[in-house]
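Colleague: Please take a close look at the largest pocket in this model. What lines the pocket, and what surrounds the lining?

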Amino acid sequence: ASSSVTNLKVKAKTIGSWAGTYKFLAQIESMPFKVKINSFGLSGSVSALDTNPSSKSSKPTTVWQSVFEISILKYK
C-alpha cells in the first residue's frame, strides 16, 4: 500500500427496518472518502404479526439484515 493512502477495513452487520437500512447505506455512500465494497449481502425476513393491542395494524413486519465488508480510503 502507498504511504499516501490510509486504509480502514470495516466488517459490520445491520438489522432493522428497510427505511433505516436504506438510510444507513445512503450515508455510507455519501461519505467524503473513497469507499470500496469488498462484499455485501442484503436479506429480509418476515417477523411475527404485531400483537400489540394498541397497534392499528396486524400486518407482519419485514426485518432487513445487511452484512458487508468495506474499505475506506483517505488520501493524505
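**The largest pocket and its surroundings**

Modeller: Helix 1 (18–29), strand 2 (34–49) and strand 3 (60–75) each put at least two residues into the lining of the largest pocket. Keep in mind that this is a predicted model. Helix 1 is the main contributor, with four residues.

Now the names. The lining consists of L25, A26, I28, E29, V35, I37, F40, F68 and I70. The space in this largest pocket comes to about 200 Å³. By residue class, the lining has eight nonpolar members, no polar ones and one charged one. The charged one is E29, because Glu counts as charged.

Next, the elements behind this lining. The protein has one helix and three strands. Their order from the N terminus is β-α-β-β. Burial is worth a note here too. The protein has 76 residues, and 12% of them count as buried.

Take F40 next. F40 sits in strand 2 and is one of the residues lining the largest pocket. Is F40 buried, exposed or partly exposed? F40 counts as partly exposed, because its relative accessibility is 41%, and the partly exposed class lies between 20% and 50%.

F40 also belongs to a nonpolar patch on the surface. The members of that patch are W18, Y22, I37, F40 and L42. Together they have about 550 Å² of accessible area. Which elements supply the patch with at least two residues each? They are helix 1 and strand 2. Strand 2 has the largest share, three residues. I37 and F40 appear in the patch and also in the pocket lining. So a partly exposed F40 fits the patch rule, since patch residues need over 30% relative accessible area and F40 has 41%.

Last, strand 3. Strand 3 is among the elements that supply at least two residues of the pocket lining. P60 is placed in this strand. P60 is partly exposed, because its relative accessibility of 47% falls between the 20% and 50% limits. Along the chain, P60 and S47 are 13 residues apart. Their C-alpha atoms are separated by 6.0 Å.

To put the pocket together: helix 1 gives four residues, strand 2 and strand 3 each give at least two, and eight of the lining residues are nonpolar.

Conventions. Residues numbered from 1 in each chain as written. Predicted model: local features only at pLDDT ≥ 70, side-chain atom pairs only at ≥ 80, totals over all residues. Heavy atoms only, no water. 1 Å grid on protein atoms, 1.4 Å probe; cavity = no way out; pocket = protein on both sides within 12 Å on 5 of 7 lines; lining within 4 Å. Points joined across faces, edges and corners; volume = space filled by probe spheres on them. Patch = residues over 30% accessible without salt bridge, like charges linked within 9 Å, V, L, I, M, F, W, Y side chains within 5 Å. Areas by Shrake-Rupley, 256 points an atom, 1.4 Å probe, with all protein chains shown as cover. Salt bridge = Lys/Arg side-chain N within 4 Å of Asp/Glu carboxyl O. Buried < 20%, exposed > 50% of the residue type's maximum accessible area, 1.4 Å probe, protein only.
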